[in-house]
Amino acid sequence: MFERFTKAARDVVKGAAEHAERSGAATVTAEHLLLALLDRRDTRAAAALGRLCPPDRRPSLLSALSDARRRAGLSRADAEALADLGIDVGAIVARVEETHGTGALAGDRKDAGWRSGRRTFSREAKGVLEKSLRVALARKDREIGDEHLLLALTTTGGVVAEALADHGVTYAAVDTALTTAAPL
């Protein structure tokens with residue numbers, strides 16, 4: 001599959017691994033893929049993200065991702081479903097952080113190194129990569145570009161898709177931004 005990735009898409013994957021390494025994460029996640037996309041300049045995905053989530057709104061997006069990380073990766077929908085069962089996720093997070101420190105539920109254990117010399121990809125991140133192939137095929141594109149990674153992130157569900165949607169970055173919005181943009 002990676003032979004079909006454009007240089008821009010490969011750079012996103014490499015950038016995601018670098019984000020994971022810098023943060024001390026044991027695996028590369030969908031969030032790392034998004035962070036790598038946000039780093040890009042002069043690509044189709046960067047242009048779409050620039051229109052839909054301009055740089056002045058990105059701190060809010062990053063904050064939403066950070067909040068979800070503190071909730072052990074639970075989406076707001078998950079937290080609301082638990083609240084319907086009488087479980088207050090916010091209270092649990094506060095209690096755990098009171099005992100074990102801020103970010104204790106984030107799941108990024110600094111001591112959980114990797115053994116093969118490369119970071120592994122989480123199931124969610126692998127799903128994004130696989131979905132990017134399906135998106136490219138559905139759009140009748142021959143290669144998988146960083147724009148396909150962005151589109152895949154919007155459709156995989158979970159915290160990243162939720163944070164993107166909250167900031168106006170949905171599949172439909174990205175698709176429109178890509179089709180109305182001038183080619184790079």
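Contact here means heavy atoms within 4.5 Å. The model is predicted: local features need pLDDT of at least 70, side-chain atom pairs count only at pLDDT 80 or more, and totals for chains, interfaces and linings use all residues. Residues are numbered from 1 along each chain as its sequence is written, and side-chain values use heavy atoms, with hydrogens and water left out.

**Exercise 1. Place Lys 131 and list what it touches.**

Step 1. Find the element. Lys 131 is found in helix H7. Helices are DSSP runs of H or I with at least four residues, strands are E runs of at least two, and both are numbered from the N terminus.

Step 2. List the partners. Not counting residues up to four places away in sequence, Lys 131 touches Ala 152, Thr 155 and Thr 156.

Step 3. Check one distance. Thr 156 lies 25 residues from Lys 131 along the chain, and their C-alpha atoms are 7.8 Å apart.

Step 4. Is Lys 131 buried or exposed? Neither: its relative accessible area is 27%, so Lys 131 is partly exposed. Buried means under 20%, exposed over 50%, and partly exposed in between (1.4 Å probe, protein chains only).

**Exercise 2. Describe how H1 and H2 cross.**

Step 1. Take the axes, which are lines fitted to C-alpha atoms, for helices over the stretch in contact; angles run from 0 to 180 degrees between N-to-C directions. The axes of H1 (residues 7-23) and H2 (residues 30-39) come within 8 Å and cross at roughly 115°.

Step 2. Name the residues. H1 contributes Val 12, Val 13, Gly 15, Ala 16, His 19, Ala 20 and Ser 23. H2 contributes His 32, Leu 33, Leu 35, Ala 36, Leu 37 and Asp 39.

**Exercise 3. Find the largest nonpolar core and its main contributor.**

Step 1. Apply the rule: a nonpolar core is a set of buried Ala, Val, Leu, Ile, Met, Phe, Trp, Tyr and Cys residues joined through side-chain atoms within 4.5 Å. The largest has 42 residues.

Step 2. Pick out the hubs. Among those with the most contacts inside the core are Leu 33, Leu 37, Leu 150 and Val 169.

Step 3. Assign the share. H2 gives the largest, 7 residues.

Step 4. Follow one hub. Leaving aside neighbours within four places in sequence, Val 169 contacts Leu 49, Leu 52, Cys 53, Leu 150, Thr 154, Leu 164 and Val 174.

**Exercise 4. Sum up the whole chain.**

Step 1. Count elements: 10 helices and 2 strands.

Step 2. Gauge burial: buried residues make up 39% of the 184 residues.
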